[in-house]
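Work through the exercises below with the sequence and the 3D view at hand. Each task is followed by a solution in steps.

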Amino acid sequence: MKNKRLFLILSFLVVVFHVHADDLDDFIRGQMQKRRIPGLSLAIIQDGKILKAQAYGFIDKDGKVPVTTNTLFQAGSVSKSVAAMGALYLVEQNKLFLDENVNVKLKSWKVPDNEFTNEKKVTLRGILSHTTGLTVHGFPGYAVGAKIPSVVQILDGTAPANTPPVRVDFVPGSRWRYSGGGYTVMQQLMVDVTGADFPAFMKKDVLSPLGMKNSTYQQPLPPELAKLTATGHYNNRSLVEGRWHIYPEMAAAGLWTTPSDLARFAISIQNAYAGKPGNVLSQSMTRQMLTDQKNRDGLGVFLQGDSTTLRFGHNGRDEGFDALLTASVDKGKGIVIMINANDNSHMMGRIVDFIADYYHWDGFPVKSKPAAVDVDAKSLTAFEGRYELFNNRMVTFEAESQRLFTLEDGFVDEEFVPVAPNKFTSTDRNVSVIFITDANKNVTGFTLQDNDQHYERTVPRIGPLAHQTNADPDPSRTPKIMTALQAMVKGGKMLEEASGLTLGAKRDFAGGMREPETLKSLTFIHSENVAGRGIKRHESDVSEIVTYQLKSNQPDTYILVHLTSDGLVTDCDLVEK
């Protein structure tokens, strides 16, 4: 009887677990279908161990080869966190020092001194916390078969490097600004002090000790590992040519790995923080790693929550791949998600929230659904349009069924519910938008309220969605804009010699634009005067944004052209509505 009772209890638990797992799997598959994500792999950490490792979908959109938990994904900037552990290991070996001028140990290359480094120098602490003043935010990588530059060529911005030189352009330590260029300086620093190539050092002293057997910084991948990879997809779900890009900027963006391996990395941080033996870093160094240096940035990881709910993590993006790692500092919980697509939505955040809610984790905020009020259709339509969320990062609202929905990459993403006539609250996050109008009741932007981070700021309006053609108020400038855009597509000498472009656009589009491949004609749709709204692209203030329908190799596409007060083109964006 006793054995029968035990059997029934165990059977019940198995059924509960499967129901539980099925609900989670169904949610993830639903999110993937909604966003047309080809493949996803994840690992869930509970009580300091991997509770669940699961793969969904396929290695590419053809849907023939399933993703497995051993399929390799590019980690993007999550590479920085793992590389940071290698650098901090060298600090503990007294081969590097957190607050020493990095030029003391750099041999193959030096950070060029200038007026910003007279008093303060670039340090490893500053690199790890993005406070050095070093330039170059991120890297596009190099197509398979392209000529690959050395790290020194990347740091100096010389051919065949496709990014500008890494230089200091504000006083180190004076403020925070994300810099993949800084982590590339760190990569050269680590090579110079160890005498080993970067992938070999990281494998020997970080990856292997942590049991990250499916991880490597090798760029390009050797053929036997290339067979194990997922294929990258852009935000329109087109394939990355050659399946993925090559990243000689290994510390910043070059890690190939799996969610389970990244979970092992996160668990090692949790264990070291708790003082458990057998980790790459000591307890004291790990606690430094998880101490806010500036702007909620530790040493190689970003921090969330307060002292009782502290989490660490990082997001990542390479061409065709996105990744997310988040883990509690002292509660033994965490989630790693990797996808073979660039997806600008909140999908991965929704999956994190669902998992945290499902397992009843504290320290991971759970969002309650806001109560809706009625808003008339005319007002709702007036809020539709595009807004400059961050520099060069738009958010698009579309009205439907008494709600506003954001559009990301042409797919519906986040739902905003009206809680007041001009205020809408997200159903995904503890975030609200309050729309702002001018004296003529035209919407000019919105106030973004983030109630978790306790801040608010103004987000300016770019313009409406593209609905119908209008009379062009200045048809004579359209051919000039067309010539400037064609030069931006081609890049190189054609761009250098082109008129009608800002210096910033000429510099940043020197390598051309991936899309559209062709530009055949422009049909005027709309013009919006945005002078004084604080919109800035490629270091120039934007005064007017003109929307054209674009005849090109991509059907039903619109292009937003950003113009300065003197009519120069400083940027453009391709959109679908």
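A charge sits over a ring if NZ of Lys or CZ of Arg is within 6 Å of the ring centre and within 35 degrees of the ring normal. The structure shown is a predicted model.

**Exercise 1. Charges over rings**

Task: Find the ring over which the charged end of Arg-311 sits, and do the like for Arg-287.

Solution.
Step 1. The charged end of Arg-311 lies over the ring of Phe-364, at 4.3 Å from the ring centre.
Step 2. For Arg-287 the ring belongs to Tyr-273, and the distance to its centre is 4.2 Å.
Step 3. The limit on distance is 6 Å. The values to set against it are 4.3 Å for Arg-311 and 4.2 Å for Arg-287.

**Exercise 2. Aromatic pairs**

Task: Classify the ring pair of Trp-361 and Phe-364 as stacked, tilted or edge-to-face.

Solution.
Step 1. Two rings pair if their centres lie within 6.5 Å; planes under 30 degrees apart count as stacked, over 60 as edge-to-face and the rest as tilted.
Step 2. The model has 23 aromatic pairs by this rule.
Step 3. In the pair of Trp-361 and Phe-364 the centres are 5.2 Å apart and the planes meet at 55°, so the pair is tilted.
Step 4. Are these two residues buried or exposed? Buried means under 20% relative accessible area. Trp-361 has 5%, so Trp-361 is buried. Phe-364 has 4%, so Phe-364 is buried too.
Step 5. Tyr-387 and Phe-446 make another tilted pair, with 5.0 Å between the centres and 55° between the planes. This pair links distant parts of the chain, 59 residues apart: Tyr-387 is in strand E11 (residues 385-390) and Phe-446 in strand E17 (residues 443-450). Both Tyr-387 and Phe-446 are buried.
Step 6. Tyr-387 and Phe-446 also belong to a cluster linked by ring pairs, together with Phe-383, Phe-397, Phe-416, Phe-424 and Phe-435.

**Exercise 3. Backbone angles in loops**

Task: Describe the peptide bonds before Pro-160 and Pro-220, then the phi angles of Asn-392 and Gln-402.

Solution.
Step 1. The bond from Ala-159 to Pro-160 is cis, with omega near 5°. Pro-160 is in the loop between helix H4 (151-156) and helix H5 (180-194).
Step 2. The bond from Gln-219 to Pro-220 is cis as well, with omega near -5°. Pro-220 is in the loop between helix H6 (198-207) and helix H7 (223-226).
Step 3. Asn-392 is not a glycine, and its phi is positive, near 65°. Asn-392 is in the loop between E11 and strand E12 (393-400). With a relative accessible area of 41%, Asn-392 is partly exposed.
Step 4. Gln-402, another residue that is not glycine, has a positive phi near 65°. Its loop runs between E12 and strand E13 (403-408). The relative accessible area of Gln-402 is 28%, so this residue is partly exposed.

**Exercise 4. Nonpolar cores**

Task: State how many residues the largest nonpolar core has, and which of them have the most contacts inside it.

Solution.
Step 1. The largest core has 85 residues, and Met-186 and Phe-312 have the most contacts inside it.
Step 2. Helix H2 (residues 78-92) gives the largest share of this core, 10 residues.
Step 3. Leaving aside neighbours within four places in sequence, Phe-312 is in contact with residues including Ala-266, Ile-269, Leu-290, Leu-325 and Val-329.
Step 4. A second, separate core has 24 residues, among them Leu-485, Phe-509, Leu-563 and Val-569.

**Exercise 5. The span of a helix**

Task: Check the span of helix H13 (residues 478-490) against the expected value.

Solution.
Step 1. The expected span is 1.5 Å times one less than the number of residues.
Step 2. H13 has 13 residues, so it should span 18 Å. Its end C-alpha atoms are 18 Å apart, which agrees.
Step 3. The buried residues in H13 include Ile-481, Leu-485 and Met-488.
Step 4. Just after H13, Gly-491 has a positive phi of about 70°.

**Exercise 6. Two buried residues in strands**

Task: Describe the surroundings of Ser-432 and Arg-537.

Solution.
Step 1. Ser-432 is in strand E16 (residues 431-437) and is buried, at 4% relative accessible area. Its side chain makes a polar contact of 2.8 Å with that of Thr-425.
Step 2. Arg-537 is in strand E20 (residues 536-537) and is buried, at 0%. Not counting residues up to four places away in sequence, Arg-537 touches Glu-388, Asn-392, Asp-571 and Asp-573, among others.

Technical notes: Residues numbered from 1 in each chain as written. Predicted model: local features only at pLDDT ≥ 70, side-chain atom pairs only at ≥ 80, totals over all residues. Heavy atoms only, no water. Phe/Tyr/Trp six-rings, centres within 6.5 Å; stacked < 30°, edge-to-face > 60°. Buried < 20%, exposed > 50% of the residue type's maximum accessible area, 1.4 Å probe, protein only. Helix = DSSP H or I, 4+ residues; strand = E, 2+ residues; numbered from the N terminus. Core = buried A, V, L, I, M, F, W, Y, C linked by side-chain atoms within 4.5 Å. Contact = heavy atoms within 4.5 Å. Polar contact = N/O pair within 3.5 Å; in protein donor to acceptor, adjacent residues only side chain to side chain.
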